[in-house]
Amino acid sequence: MALVEVKVPDIGDFDEVAVIELMVKVGDTIKAEQSLMTVESDKAAMEIPSSTAGVVKELRVKLGDKVKEGSVVLMLEAVGAVAPAPAESPVVSAAVVTAQVAAAPVVATLSVSELTVAVPVAASVSGLAPAHNPGAPALGLPHASPSVRKFARELGVPLEEVKGNGPKGRISQDDVQAFTKAVMAGATQTKAQATKAPAGGDGAALGLIPWPKVDFAKFGPIERQEMGRIKKISGANLLRNAIMIPAVTNHDDADITELEAFRVSTNKENEKSGVKVTMLAFLIKACVAALKKYPEFNSSLDGDAIVYKNYWHIGFAADTPNGLMVPVIRNADTKGILQISQEMGELAKKARDGKLSPAEMTGATFTISSLGGIGGKYFTPIINAPEVAILGVCKSTHEPVWDGKQFVPRLMLPLSLTWDHRVIDGAAAARFNAYLGQILGDFRRVLL
Ligand code: CAO
């Protein structure tokens with residue numbers, strides 16, 4: 001197959017424009033007219049479409065590059081026709097226009113010829129055509145490219161509620177994805193959701209008898225307090241997960257006598273560093289090893305398919321004044337105990353201060369809920385969907401353990417693993433716990 005150069009087409013009066021978003025990568029199969037990248041001048045953002053269909057073999061531009069008409073964007077192995085079709089005009093984002101010129105009715109997407117006529121005098125845009133799309137908001141549009149708007153529309157995401165992390169607050173596809181994930185994880189709500197009653201209602205949707213309505217004041221003095229936002233969101237998620245997941249919990253104990261001694265000595269050695277290592281950091285690392293050995297625990301259900309993730313992002317439940325939050329240690333497989341401890345400390349503080357960003361609460365592949373600092377023996381944690389398992393940990397205690405000759409005092413850590421029976425079988429769960437126990441009993445196994 002011949003390689004075809006895909007070039008920047010006529011971009012009207014703009015001389016050089018900056019590449020602010022790349023929408024394709026090497027190996028992607030693209031269609032003719034598919035948007036390849038967004039470029040931005042000081043007046044508008046435009047998407048550059050492909051002149052032909054094919055497979056991307058080489059990208060010739062990167063973020064921040066300046067390009068102009070004729071600059072080669074990428075090399076394409078053309079599919080079907082070898083000769084490139086005439087290049088399409090770029091599509092201009094009205095969001096940028098509204099952001100950069102005086103508020104006035106604007107089109108949702110403009111061809112560059114319309115824009116070059118309409119925009120040169122930034123202070124006067126009254127000559128702009130009325131909106132093509134009657135459904136599109138004309139004023140105060142969020143700053144995003146047409147493809148990001150289309151993506152948000154397809155997902156039903158209210159773009160005006162998404163925080164843009166790009167230059168001048170521009171919303172990227174990643175921002176829309178992060179917002180969607182945060183909503184799915186219950187870390188945030190859309191305005192529409194917030195105005196609805198908490199999920200669960202009265203159980204009528206499940207065909208259950210109504211929730212009992214009791215006048216508690218009849219029996220003694222009461223005080224009514226509305227639940228906070230986080231409690232409402234996490235409650236709705238917990239209810240869905242408790243009802244929808246056929247969950248089973250296996251309890252086990254791990255002998256952490258040596259590991260605890262190592263933890264205490266590590267903290268003594270590192271006293272001056274200010275980083276305190278708790279058992280949870282070792283648990284995160286040990287869980288990664290167990291998740292690697294039993295990958296179904298690091299998966300999610302997607303319809304009839306199981307999605308195995310080749311990354312290990314571990315969430316940990318944090319108790320905060322506002323309610324339960326689950327910050328995430330990303331790529332825990334690549335981090336050492338000290339780094340995990342430090343990140344955990346920072347994330348737990350942010351959680352307590354209500355300062356966690358959606359990105360810091362999303363993407364977990366497995367969660368640990370540790371009540372070890374508080375107490376208790378075992379419990380049945382609820383799976384944090386769409387994950388398929390969660391480890392609950394309670395307070396370690398000295399127990400008499402038979403060593404074959406006598407009972408000896410050993411420090412035992414109670415583990416409670418809840419798993420989704422649609423994905424995981426009981427035997428696998430018992431093996432996971434047993435393996436986790438072996439690692440915690442002799443941490444050198446993490447290296448194997
Ligand atoms: N056994 C015995 N002691 C333990 C322990 C365990 N499994 N885990 C922690 N500890 C000890 C720590 O060593 C520390 O002791 P010192 O102060 O003497 O050094 C103390 O308990 C407090 O630890 P911590 O709670 O500050 O630290 P952590 O890393 O264990 O936990 C965090 C951090 C954020 C997870 C925790 O503060 C928290 O919020 N836990 C609650 C999680 C929760 O609510 N889960 C339930 C979810 S379901 O509703």
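Between which two helices does the loop that holds L208 lie? In this predicted model, L208 is found in the loop that runs between α5 (191-194) and α6 (229-244).

**View 1. A nonpolar surface patch includes L208.** The patch is formed by L206, L208, L239, I243 and M244. Together these residues present about 490 Å² of accessible area. L208 has a relative accessibility of 52% and therefore counts as exposed, the cut-off for that class being over 50%.

**View 2. Y294 and F432 form a tilted aromatic pair.** The structure holds 7 aromatic pairs. In the pair of Y294 and F432, the ring centres are 6.3 Å apart and the planes meet at 55°. The pair links distant parts of the chain, with the two positions 138 residues apart in numbering. Y294 belongs to the loop between α8 (279-293) and β12 (299-302), whereas F432 belongs to helix α10 (residues 426-441). Both Y294 and F432 are buried.

**View 3. Ring pairs join five named aromatic residues into a cluster.** The cluster consists of Y294, F297, F366, F432 and Y435. Among its members are Y294 and F432, the tilted pair of the preceding view.

**View 4. The lysines K292 and K293 each lie over the face of an aromatic ring.** K292 is placed over W312, at 4.6 Å from the ring centre. K293 is placed over Y435, at 5.1 Å from the ring centre. Y435 is also a member of the aromatic cluster, together with Y294, F297, F366 and F432.

Methods:
Residues are numbered from 1 along each chain as its sequence is written. This is a predicted model: local features need pLDDT of at least 70, side-chain atom pairs count only at pLDDT 80 or more; totals for chains, interfaces and linings use all residues. Side-chain values use heavy atoms; hydrogens and water are left out. Patches are made of residues with over 30% relative accessible area and no salt bridge: like charges are joined within 9 Å, nonpolar side chains (Val, Leu, Ile, Met, Phe, Trp, Tyr) within 5 Å. Accessible areas come from the Shrake-Rupley method with a 1.4 Å probe; for residues, only the protein chains shown count as cover. A salt bridge is a side-chain nitrogen of Lys or Arg within 4 Å of a carboxyl oxygen of Asp or Glu. Helices (H or I, at least four residues) and strands (E, at least two) are DSSP runs, numbered from the N terminus. Buried means under 20% relative accessible area, exposed over 50%, partly exposed in between (1.4 Å probe, protein chains only). Rings of Phe, Tyr and Trp (its six-membered ring) pair if their centres lie within 6.5 Å; planes under 30 degrees apart count as stacked, over 60 as edge-to-face and the rest as tilted. A charge sits over a ring if NZ of Lys or CZ of Arg is within 6 Å of the ring centre and within 35 degrees of the ring normal.
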